[in-house]
Amino acid sequence: MDVALFVPCYVDQLYPRAGLAAAELLERHGARVHFPEAQTCCGQPMANAGFFDEARPLARKMVEVFEPYDHVVCPSGSCTSMVRNHFDRSLPGVEALRAKTRELCEFLHDVLKIRPQGRFPHRVGLHQSCHGLRELRLGSGSERLVPPFDKVRALLQGIEGLQLVELARPDECCGFGGTFAVSEDAVSCAMGRDRIADHERGGAEIIAGADMSCLMHLEGLLRRDGKPLRVMHVAELLAEATA
Amino acid sequence: MTHPEKAAAFVANDARMHWHDQAVWFVRQKRDVARAAVPEWEELRSLASQIKAHALSRLADYLEQFEKNAVAAGAQVHWARDADEHNRIVHELLAARGVTRLVKSKSMLTEECHLNPYLEKHGIEVVDTDLGERIVQFRREPPSHIVMPAIHLRKEEIGELFHDKLGTPAGLSDPKQLTEAARGHLRAKFLAAQAGLTGVNFAIAETGGVVVCTNEGNADLGTSLPPIHIACMGVEKIVPRLRDLGVFLRLLARSATGQPITTYTSHFHGPRRGGELHIVIVDHGRSRILGREEYRNSLKCIRCAACMNTCPVFRRSGGHSYGVTVPGPIGSVLAPHIDASKHQGLPFASSLCGSCTDVCPVRIDLHQQLLAWRGELAARGLVPLGKRVAAKVGAFVLARTWLYRLAGMLARRFLPLIPPRWHAWGRQRDLPPMPRESFREQWRKRAGSR
């Protein structure tokens with residue numbers, strides 16, 4: 001199966017290891033991974049701030065770049081949701097791109113239908129990123145009364161030695177929120193610190209998540225506060241556990 | 001002050017912020033428990049949303065039907081275009097009957113219209129009889145939450161306030177004793193009142209009746225003792241039939257406080273014997289929202305405040321940081337309709353986590369509406385110049401792969417050299433350790449080595 005990797009701009013520039021781990025994982029499960037080099041950004045930073053007109057050319061570019069591929073996989077719930085839920089559907093090619101774009105965990109869980117086996121002897125706190133959870137429905141979430149499910153957690157379930165810690169608020173926002181992180185930095189950081197405290201109380205050594213942007217914000221706070229916790233993209237964790 | 005400034009001030013008192021967050025989160029948790037006892041919860045939400053959608057789709061017809069039936073039941077119906085007209089109508093009703101002492105039960109509409117200061121200016125004593133509302137009225141401040149108006153205050157602060165206003169012993173902070181003191185104080189006000197004013201939770205077109213949901217019984221006392229009852233409602237409070245009410249009553253209190261139902265659900269069909277019932281129907285910007293498809297859903301709101309209780313920003317910034325009567329996600333969606341330029345910061349006072357949308361009992365797509373507002377504010381040039389420039393520059397760079405690569409490389413080199421205090425990211429957070437090579441550079445090498 002041929003898969004085109006859509007690597008969000010901030011992953012490309014700041015967390016290449018998460019992108020490489022995603023590629024590694026996909027290859028290990030039989031996919032031929034392509035990285036179309038013309039890609040840049042889905043336009044979320046502009047769209048999230050309300051600049052829809054500025055974001056539109058980037059949607060066009062995304063359509064063009066990924067046109068030759070049948071599957072587009074992205075190691076970010078937020079950027080995947082941008083394509084699936086926020087691209088202007090009246091633009092030519094957008095519907096087709098929406099239909100074939102999946103977040104990495106979603107792709108592993110729903111399309112490749114894998115349940116990774118491996119070993120990762122650590123206490124891990126799972127951070128549910130909001131857009132993955134509530135816009136892509138990677139999990140049932142705490143608000144709605146629906147049968148519980150959690151695709152990200154399901155991928156971690158078969159990993160030996162991995163202990164998922166209990167959180168008091170399993171799906172509260174970390175406070176990143178794109179431009180919110182800087183326009184409301186006081187509240188953003190308070191939210192992040194509260195999330196970290198929850199993971200600490202649960203005894204986590206590692207905070208794992210499917211969105212590097214949330215983790216970048218949490219990592220920034222952890223490093224500033226000199227805390228021993230570290231952050232890992234779920235792809236990195238799975239790549240390491242199943243190596 | 002802008003929302004970020006007021007929020008930063010609230011966050012700066014770490015103990016209070018955390019206490020507020022916990023207190024409000026506790027209510028969200030109570031809501032979760034109450035909701036879990038209703039297996040058809042999601043279906044109820046859909047039904048409620050559809051009933052409201054239907055009612056809004058023929059709002060004018062239902063309002064006229066309501067008026068006809070309310071008048072037939074003996075009520076008098078008044079129409080107010082906006083807050084000023086509403087205040088004038090209420091004042092004229094009171095003045096014509098020589099009323100100088102009015103008791104009120106909780107009504108966010110009258111808060112929105114700033115009725116209290118208007119009436120006080122005209123020499124009428126207005127006493128809010130909901131305990132939380134009375135507390136904030138004593139403090140001369142607006143409610144910070146639409147269901148729990150004094151949630152921003154600790155019991156010790158209320159003890160001090162009551163010591164000052166009601167003469168309770170200094171240092172008293174026992175909630176039961178403080179409530180007893182307020183009861184005694186309010187009882188005298190009820191007995192002396194010449195008219196009672198309530199809000200309206202639901203107005204039933206089919207019967208012409210209005211329904212008021214309270215927990216303290218103050219609405220009932222305020223409408224049973226004095227002979228004149230004035231009920232003020234926004235146009236969107238209409239439900240078509242009496243039997244629709246069951247859907248909303250099952251959702252409202254569970255979403256608001258985690259109670260299966262409010263302690264009192266009072267139905268008013270016409271005035272009590274020998275009394276008068278006046279119903280004031282207020283537009284105040286609502287028909288403008290009705291005319292705008294992308295925002296229309298927000299008129300379905302039943303003011304349960306579940307979106308506030310679940311909002312991680314509201315819990316950490318406090319209701320007063322929004323600077324409007326209805327704060328939180330729904331308030332941030334509604335306020336810009338009244339004055340987009342004044343409230344341009346509110347749609348940005350959200351991380352767009354979407355919890356509000358999933359918690360809303362009438363399925364308002366709240367975080368999508370916040371995003372829609374961001375788009376509209378940007379399009380109308382109502383966002384700060386810096387943001388506009390950043391968006392233009394960002395879009396220009398990102399549209400060109402070579403330029404993006406260059407910018408990325410430069411950012412990785414030079415961002416760490418900027419003193420962290422100079423940018424909002426760095427005030428409290430470190431930048432990530434900058435990798436020497438981007439993903440795409442490493443990917444190329446990886447492909448080359450295979």
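Start by selecting strand 4 of chain B, residues 195-198. Keep in mind as you click around that this is a predicted model. Which residues sit on each face of this strand? Ala195(B) and Leu197(B) are on one side, while Gly196(B) and Thr198(B) are on the other. That back-and-forth fits the usual pattern, because side chains in a regular strand alternate between the two faces of the sheet. Colour these four by burial and you'll find every one of them buried, so both faces of strand 4 of chain B are covered.

Now bring in the neighbours. Add strand 2 of chain B, residues 101-104. Strand 2 and strand 4 of chain B pair in the parallel sense, over three bridges. Zoom in on Gly196(B) and look across to Val103(B), its bridge partner.

Next, add strand 7 of chain B, residues 228-234. Strand 7 also runs parallel to strand 4 of chain B, and four bridges join them. Stay on Gly196(B): what stands opposite this residue in strand 7 of chain B? That's His229(B).

Time to zoom out and show the whole of chain B. You're looking at 21 helices and ten strands. Of the 450 residues in chain B, 48% are buried. Try colouring by domain: domain 1 covers 38-284 and domain 2 covers 395-448. Measure between their centres, taken over C-alpha atoms, and you should get 55 Å. For the overall extent, the C-alpha atoms of chain B fill a box of roughly 95 × 55 × 45 Å along the principal axes. If you like contact maps, count the contacts between residues at least 6 apart in sequence: 73% of them join residues at least 24 apart.

Turn on chain A next and look at where the two chains touch. The contact takes 55 residues from chain A and 57 from chain B. On the chain A side, the elements giving two or more residues include helix 1 (9-14), helix 4 (52-66), helix 11 and helix 12 (212-224). Select helix 12 of chain A, which gives the most, with seven residues. Colour that side of chain A by residue type and you'll get 30 nonpolar, eleven polar and 14 charged.

Last stop: helix 11 of chain A, residues 185-202. Its 18 residues reach 26 Å from first C-alpha to last, close to the 26 Å expected at 1.5 Å a residue. Is helix 11 of chain A mostly covered or mostly open? Mostly covered, with 14 of its 18 residues buried. Step just past the end and click Gly203(A), which follows helix 11 of chain A and has a positive phi, near 85°.

Notes:
Residues are numbered from 1 along each chain as its sequence is written. Chains are lettered from A and ligands numbered from 1 in the order in which they are written. This is a predicted model: local features need pLDDT of at least 70, side-chain atom pairs count only at pLDDT 80 or more; totals for chains, interfaces and linings use all residues. A residue is buried if 20 or more other C-beta atoms lie within 10 Å of its own, exposed if 12 or fewer, and partly exposed in between; C-beta atoms are placed from the backbone. Two residues are in contact if their C-beta atoms, placed from the backbone, lie within 7 Å. Domain bounds come from an automatic or database domain assignment. The expected span of a helix is 1.5 Å times one less than its number of residues. Ala, Val, Leu, Ile, Met, Phe, Trp, Tyr, Cys and Pro count as nonpolar, Asp, Glu, Lys and Arg as charged, and the others, Gly among them, as polar. Two strands pair if DSSP finds at least two bridges between them.
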